[in-house]
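Colleague: I would like to take one careful look at a single part of this model before reading any further. Please start there, and then show me how the surrounding picture is put together.

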Amino acid sequence: MDLSRVDLNLLVYLDVLLRERNVTKAANHLGITQPAMSNGLRRLRDLFSDPLLVRTSEGMTATERARELQPLVRSILSDIEQAVQEKTPFSAKDSQRVFRIMASDYAESCLMPRVLRRIRQEAPHVTLDVLTPSDVSFLDVEQGRLDMAINRFDKIPQSFHQKTLWTESFACLMNARNPILKQPFTLDTYLDASHIWVSKTGFGVGVGVNPKDVQRLGWVDEALARMGRKRQISVFTRHYQVAMLLAEQHDLIATLPCRAAWLQKDNPNLVVKVPPFEIPPFELKMAWSPLLQHNADHQWLRKLIVEVAEEVDAEFAPFGARFEQAEVPLAHHSER
């Protein structure tokens, strides 16, 4: 193919069409007429010898060829934007930029206070806007309306850049006067107790939890289900701070990420125990749009977050070692 005969604007059209899956919305996004966008789609279909978008009962659906092209086109456009973007150094102490970060309640508790402290030290005029997973969508990240998403992700769009901040295990948090502590902390005694379920991952508005739907309850309950066991959940919450408060006030067990439990290490009203069964660890990641990959402001933010995560990891290591190296106790045997 002679590239000199290809209108590169068509790649911009294709990028927006595959995000919006709607000709009218794509036209509005680019500030052109709907007929002009329809004509662009026709030319794209001729160029790639593929319909790209077909109408189904669920609206316009991308073909297999279109799904293959989407990350390639996004990468090409990102490189072009980088090539023509004016290079301006980022001055942290003078910047008045607003950084918008989506952080799960867990990440907000364990990471963001330290991130804010560093930002206040290095960039006192920068504003930090922290959003919840329910506030945003992957599309917000992809289009650069959100600077960063920090969470544990089951799936993430292929076009996103990502960085693992740390790998996390689980701990059990309970009231120091919880009757369960009068006997060995085993799987049987764990299952005899009442529990607090806490989780909020991914994006979008949350919905109620069905206690019988183990597949949607997450790591802890899936690990138990693989052993043919099930715990009694008395409270469902989406906030780790609430889970820790409830564990302090009631005879309930909160099984939650170790770094969340670490925040309570000096609380005399709470006891932290190693879970009496194996729960697979997870990764806390930050993800961002390829549109921001080469942005100087964003590069500064990413570097700062990684450095803060490394500081947290180093401080947490002595506390976390007991959970990473612990042997899972057998039923009727105490924790060692």
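How many contacts beyond four places in sequence does the model have for residues 203–208, over which pLDDT stays under 50?

Modeller: For residues 203–208, where pLDDT stays under 50, the model has 16 contacts beyond four places in sequence. This is a predicted model, and where pLDDT is low, the predicted coordinates should not be read in detail. I would therefore take those contacts as part of the prediction and not lean on their particulars. A second stretch calls for similar care, since pLDDT also stays under 50 over residues 328–336, for which the model has 21 contacts beyond four places in sequence. As a background to both stretches, the mean pLDDT of the protein chain is 85, and 87% of its residues reach 70 or more.

With that caution in place, we can turn to the strands. An open sheet of five strands follows the order E9-E8-E10-E7-E11, and its pairing is mixed. Its edges are strand E9 (232–237) and strand E11 (270–273), each of which pairs on one side only, and the twist averages 30° from one strand to the next. At the E11 edge, strand E7 (residues 170–175) is joined to E11 by four bridges, the two running antiparallel, and within this pairing Cys172 stands opposite Lys273 in E11.

Parallel pairing appears around strand E3. Strand E3 (residues 98–103) runs parallel to strand E4 (residues 127–131), and five bridges join them; here Arg100 has Asp129 in E4 as its bridge partner. Strand E3 is also joined by three bridges to strand E5 (residues 148–151), again in parallel, with Ala149 in E5 as the bridge partner of Met102.

Salt bridges come next, and the model contains 19 of them. One of them pairs Arg74 with Asp15, whose closest N and O atoms are 2.5 Å apart. This pair links distant parts of the chain, with Arg74 in helix H4 (residues 64–84) and Asp15 in helix H1 (residues 9–20), 59 residues apart. Arg74 counts as buried because its relative accessibility of 3% is under the 20% limit, and Asp15, at 6%, is buried as well.

Another salt bridge joins Asp147 to Arg97, the closest N and O atoms being 3.1 Å apart. Asp147 lies in the loop between helix H7 (138–142) and E5, while Arg97 lies in the loop between H4 and E3, so the pair ties together parts that are 50 residues apart in sequence. Asp147 is buried, with a relative accessible area of 5%.

In a further salt bridge, the side chains of Asp313 and Arg259 meet at 2.4 Å, N to O. Asp313 is in helix H12 and Arg259 in helix H11 (residues 258–262), so this pair, too, links distant parts of the chain, 54 residues apart. The partners differ in exposure: Asp313 is partly exposed, with a relative accessible area of 33%, whereas Arg259 counts as buried at 1%. Salt bridges also form a network, which links Arg118, Glu122, Lys303, Glu307 and Glu311.

Finally, consider the residue just before helix H12. Asn295 lies in the loop between strand E12 (282–288) and helix H12 (296–324), and the side chain of Asn295 reaches the backbone nitrogen of His298 at 3.0 Å. Asn295 counts as buried because its relative accessible area, 18%, is under 20%.

How values were computed
Residues numbered from 1 in each chain as written. Predicted model: local features only at pLDDT ≥ 70, side-chain atom pairs only at ≥ 80, totals over all residues. Heavy atoms only, no water. Buried < 20%, exposed > 50% of the residue type's maximum accessible area, 1.4 Å probe, protein only. Polar contact = N/O pair within 3.5 Å; in protein donor to acceptor, adjacent residues only side chain to side chain. Pairing = 2+ DSSP bridges. pLDDT = per-residue confidence, 0-100. Contact = heavy atoms within 4.5 Å. Salt bridge = Lys/Arg side-chain N within 4 Å of Asp/Glu carboxyl O. Axes fitted to C-alpha atoms, helices over the stretch in contact; angles between N-to-C directions.
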